[in-house]
Amino acid sequence: MPSAARVFYLIPGLGADERVFQNLLPLLDGEAHVVYWLTPEPTETLPHYVARIAQAVPPDQPCFVVGVSFGGVVALEIARLRPRARAVLVSSIPDADALPRLLRVIRATRVYKLVPPQLLKLFPRAGQWYFGVNNGEEYQVFKQILKDMEPAYTRWAIDRLLHWDSTNVGRSIQILGSHDRVFPPGPTPVEYLIPGGTHFMILSHAPEISRILNALPAE
């Protein structure tokens with residue numbers, strides 16, 4: 001696939017939007033589309049939700065679906081429905097077995113059902129540390145994303161992430177940061193490990209990520 005024909009569909013992280021791609025978009029070779037989150041129905045399953053999201057990706061189009069964090073889970077689920085789409089995970093996990101210990105504890109204790117997601121809006125500095133957000137422009141973008149976060153969507157997405165059934169999920173290309181606290185590198189090798197990258201590296205390490213994406217082998 002020549003670079004001129006390369007097509008990317010970009011899925012932001014949980015509660016985020018196109019702002020996380022502001023440093024990456026100008027660096028991509030080819031056609032790029034941001035996929036926007038839809039409002040989930042209260043009891044909607046992840047496969048049903050993804051089927052709606054996947055309508056943005058033509059069934060017969062060879063492309064890369066690039067998902068950040070929870071967007072990586074959605075990218076993998078889209079690839080189930082779009083055989084010509086290849087999932088690329090940025091700061092995400094390739095299957096449910098890779099869920100880190102902290103999130104497994106949160107799932108087991110169900111504490112996420114007791115703590116309102118909007119609480120993070122009151123403590124942005126704690127979020128800054130956990131997600132690895134640099135001071136300055138990055139922090140301002142992060143705070144604005146927190147401010148705009150929809151609690152109902154966030155609670156739904158956290159539940160679907162923690163209870164994701166990744167059985168028979170397809171292969172993916174994983175790009176992970178060496179200093180990611182949310183999804184820290186484990187014993188399993190990843191295709192691309194970015195030194196110093198955090199969970200928010202889609203902004204801070206956009207040049208490195210763009211070079212990887214622009215050099216991905218064709219089908």
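Against which strands and which helix do the buried residues of α9 pack? In this predicted model, where residues are numbered from 1 along each chain as its sequence is written, local features need pLDDT of at least 70 and side-chain atom pairs count only at pLDDT 80 or more, while totals for chains, interfaces and linings use all residues. Side-chain values use heavy atoms, with hydrogens and water left out. The buried residues of α9 pack against β1, β3, β4, β5, β6 and α8 (201-204), contact being defined as heavy atoms within 4.5 Å. They are A206, I209, S210, I212, L213 and N214, where buried denotes under 20% relative accessible area, exposed over 50% and partly exposed in between, with a 1.4 Å probe and protein chains only. Helices (H or I, at least four residues) and strands (E, at least two) are DSSP runs numbered from the N terminus.

The sheet on which this helix packs is open and consists of six strands in the order β2-β1-β3-β4-β5-β6, with parallel pairing; two strands are taken to pair if DSSP finds at least two bridges between them. Its edges are formed by β2 (31-34) and β6 (192-194), each of which pairs on one side only. Direction ignored, neighbouring strands of this sheet are turned by 20° against each other on average. Strands of a sheet pair through backbone hydrogen bonds, either parallel or antiparallel.

Within the sheet, β1 (residues 7-11) and β3 (residues 63-68) are joined in the parallel sense over four bridges, in which Y9 has V65 as its bridge partner and L10 has V66. On β3, six of six residues are buried, and both faces are covered, with C63, V65 and G67 on one side and F64, V66 and V68 on the other. Six bridges connect β3 to β4 in the parallel sense, V68 being partnered by V90 of β4. The parallel pairing continues with four bridges between β4 and β5, where V90 stands opposite I175, and with three bridges between β5 and β6, where G177 stands opposite I194. In β5, S172, Q174 and L176 point one way and I173, I175 and G177 the other, and all are buried.

Helix α2 (residues 70-81) lies across β1, β3, β4 (85-90) and β5 (172-177) and runs at about 150° to β3, axes being lines fitted to C-alpha atoms, for helices over the stretch in contact, and angles running from 0 to 180 degrees between N-to-C directions. Helix α9 (residues 206-214) touches β1, β3, β4, β5 and β6, and its direction makes about 165° with that of β6.

A further packing arrangement involves α5 (residues 124-131) and α6 (residues 137-148), which pack at an angle of about 115° with their axes 11 Å apart. The contact is made by P124, R125, G127, Q128 and F131 of α5 together with Y139, F142, K143 and L146 of α6.

In helix α7 (residues 151-162) lies R160, which is buried, with a relative accessible area of 15%. The side chain of R160 reaches the backbone oxygen of E44 at 2.8 Å. Residues up to four places away in sequence not being counted, R160 touches P42, T43, E44, T45, L46 and F70.

Conventions:
Polar contact = N/O pair within 3.5 Å; in protein donor to acceptor, adjacent residues only side chain to side chain.
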